[in-house]
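The following note sets out points that a reader new to this entry may wish to check against the sequence and the coordinates. Each point is short and can be read beside the display.

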Amino acid sequence: MPRLALVTGDQLSPALASLRAITPGRDHVLMAELADEAGYVPHHVKKIALIFSAMRHFAGELEQAGQRVYYHSFDPDSRIRSFSDAIEMHCREHDIDEIVLTRPGEWRVFDEFGRLEKRLGVPVHVLEDERFVSTPDEFAEWAGDRAQLRMEFFYRRMRRKTGLLMSEDGEPEGGQWNFDADNRRKWKGEPKSARPMSFAPDATTQAVLDLVDRRIDSFGRLDGFDFAVTRAQARRALGHFVKTALPWFGDYQDALPDDEDFLFHSRLSAYLNIGLLDPLEVCRAVEAAWRAGDVPLNAAEGYIRQIIGWREFVRGIYWLKMPEYADENFLGGDKDLPEWYWSGETGMRCLQRAIENTRNNAYAHHIQRLMVTGNFGLLLGVRPKELCDWYLAVYADAFEWVELPNTLGMVLFGDGGLLASKPYAASGKYIQRMGDHCANCRYAVTERTGHDACPFNALYWDFLMRNEDSLGGNPRMRMMYRNVERLAPADKAAITRRANWIRENVEAL
Ligand code: FAD
Ligand code: DLZ
């Protein structure tokens, strides 16, 4: 009797553990476009189109390689709504003696997989996802019982493990592990910005775009879809990035220019997360460009750190701490997410531009996510679950293993400092320093209170004052609290009044 391997929409890699565990031609591969997966949050329509199109292309490639693929196309009225439904139906129609799965990217699906064997009465094996540098077990062993986990130390371990940017005598190239201090430049129009490689939809993608347009009513704009949908295309996008943007990635990584959606960022995250690219192949391409003298070390190191450092680190935290992690709320956020996070209709220029980028492209670069939409949510005191669900929905690269620690841990400090040593809270001054949104905004970044003052300013000071009991003892916030102490009582009262007004009238900002 055949075995059955399920391949989910973010497991589109030929070397996937469950695919290696089956025999082509004899065993079965199941792939399914599912209403539950398309609807558990209001995913951006471009994200859905990317996943469906990449799944269809991948199914074709597997068939060409001799696999027997059973593919369930999207039908919102189908009785098959979930992975379990699809597997159960397949087992009913075929004699399957064993099911092999690869660890999924989200706890809710992991939990669902854990219940399958009982539901079906067929042995179910969940194999480790080997498309990462580290494993949940390795991370747990490293984490031990430390109260705080710091990316930098885990990153060094990953550098040693992979040998990336290491010299022959085992030292970090350039004599330093981290060149972040060189990476804080404001971009002033030069060098000219790059654009991620764009791909015209082929017939398969066009059919998916028509399907999504007709049958799925969700967030975002579908027009202008230009994502890579095959591994071959994603590899071209990687080569294009290395050539056109990587040399300046480090210098301008934190920049916030008003009229740029991508600047020197790679837009490779979605390809990595659905399996079209492998993290090590990306890092090796970046390292090779440095060794060839085509890019400076601060760019190569900065980029590789994002992937074998941050990406691996947040995944480690996710599997270490779930499912309880999703409910943490250290700062007690209890406010609704403003409606304009979905529409982008706000007069705050930085937020309007970040949300516009999000709506148009299912993308925003890291500083928009962290210091604009994230920072505002933190300062306002939004309920973590609402902000997390927003991030999970709106980005093409969003899967909970990577989204949740970034939003709940890095942005909202919801885990009380497990992931980040302090909240990334910042006033409008930071946004002004890193770009030119403020010059195009109707609010005055130089004002703290008053009707036209940049709302980030009063919210920032109010955030510090409101959370003094929780954050005042944090050594990394000492300077911030020293500045709070210097405020006159009348200034503090004016800040509180303005912040209260903002919270009550947030929809009108
Ligand atoms: P680049 O700037 O070119 O960076 C290179 C690569 O490094 C990315 O492709 C990504 O794979 C990796 N990377 C960089 N920063 C991080 C990070 N903090 N965590 C994990 N990987 C990182 N990334 C996701 O892939 N999916 C998400 O759902 C996601 N949600 C986020 C939510 C918030 C609130 C924040 C602050 C960050 C989030 N990130 C997420 C991390 C980061 O913002 C994106 O990976 C990045 O913006 C993707 O664009 P890019 O490919 O152009 O990245
Ligand atoms: C995100 C997504 C969407 C929108 N649709 C599907 C789908 O129809 N079929 C599928 O196999 N996967 C889809 N995905 C990705 C899954 O949500 C993802 O595999 C789970 O979150 C587990 O990681």
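1. In this predicted model, a nitrogen atom of ligand 2 lies 2.7 Å from a polar backbone atom of Ala32. Two side chains also approach oxygen atoms of ligand 2. For Glu37, a side-chain N or O atom is 2.5 Å from an oxygen atom of the ligand; for Arg108, the corresponding distance to an oxygen atom of the ligand is 3.2 Å.

2. Which residues come nearest to ligand 2? There are 20 residues around ligand 2, and Asp10, Ala32, Leu34, Glu37 and Gly105 are the nearest of them. Ala32 and Glu37 thus appear both in this list and in the polar contacts of the first point.

3. Ligand 1 has 30 residues around it, of which His265, Ser266, Arg267, Asn273 and Tyr363 come nearest. A polar side-chain atom of His265 is placed 2.7 Å from an oxygen atom of ligand 1. The side chain of Ser266 likewise brings an N or O atom to 2.7 Å from an oxygen atom of this ligand. His366 contributes a polar side-chain atom at 2.8 Å from an oxygen atom of ligand 1.

4. Arg267, listed among the residues nearest to ligand 1, deserves a look at its backbone. Its phi is near 50 degrees, a positive value in a residue other than glycine. Most residues other than glycine have a negative phi, and most peptide bonds are trans. Arg267 is located in the loop between α11 (246-249) and α12 (269-274).

5. Two peptide bonds that precede proline should be inspected. The bond from Glu190 to Pro191 is cis, with omega near -10 degrees, and Pro191 sits in the loop between α8 (151-162) and α9 (203-215). The bond from Met322 to Pro323 is also cis, with omega near 5 degrees. Pro323 belongs to the loop between α14 (297-321) and α15 (340-343).

6. How is the protein chain divided into domains? Domain 1 covers 3-127, domain 2 combines 136-196 with 245-321, and domain 3 covers 340-508. Taken over C-alpha atoms, the centres of domain 1 and domain 3 are 39 Å apart. The contact between these two domains draws on 13 residues from domain 1 and 16 residues from domain 3.

7. The surface shared by domain 1 and domain 3 can be described further. Together they bury about 1100 Å², with 61% of that area on carbon and sulfur atoms. Zero salt bridges are counted between the two domains, whereas nine residue pairs are in polar contact there, both residues of each pair being at pLDDT 80 or more. Helix α3 (residues 45-64) gives the most to the side of domain 1 that touches domain 3, supplying four residues. By class, that side of domain 1 has six nonpolar, three polar and four charged residues.

8. The count of salt bridges in the model comes to 40. One pair to examine is Arg20 with Glu130, whose side chains meet in a salt bridge at 2.2 Å, N to O. Arg20 is in helix α1 (residues 17-20), and Glu130 is in the loop between β5 (124-127) and α7 (136-143). The pair links distant parts of the chain, its two residues being 110 residues apart.

Key: Residues numbered from 1 in each chain as written. Chains lettered and ligands numbered in written order. Predicted model: local features only at pLDDT ≥ 70, side-chain atom pairs only at ≥ 80, totals over all residues. Heavy atoms only, no water. Domains from an automatic or database assignment. Contact = heavy atoms within 4.5 Å. Buried area = accessible area lost by both parts, 1.4 Å probe. Salt bridge = Lys/Arg side-chain N within 4 Å of Asp/Glu carboxyl O. Polar contact = N/O pair within 3.5 Å; in protein donor to acceptor, adjacent residues only side chain to side chain. Nonpolar A, V, L, I, M, F, W, Y, C, P; charged D, E, K, R; others polar. Near = heavy atom within 4 Å.
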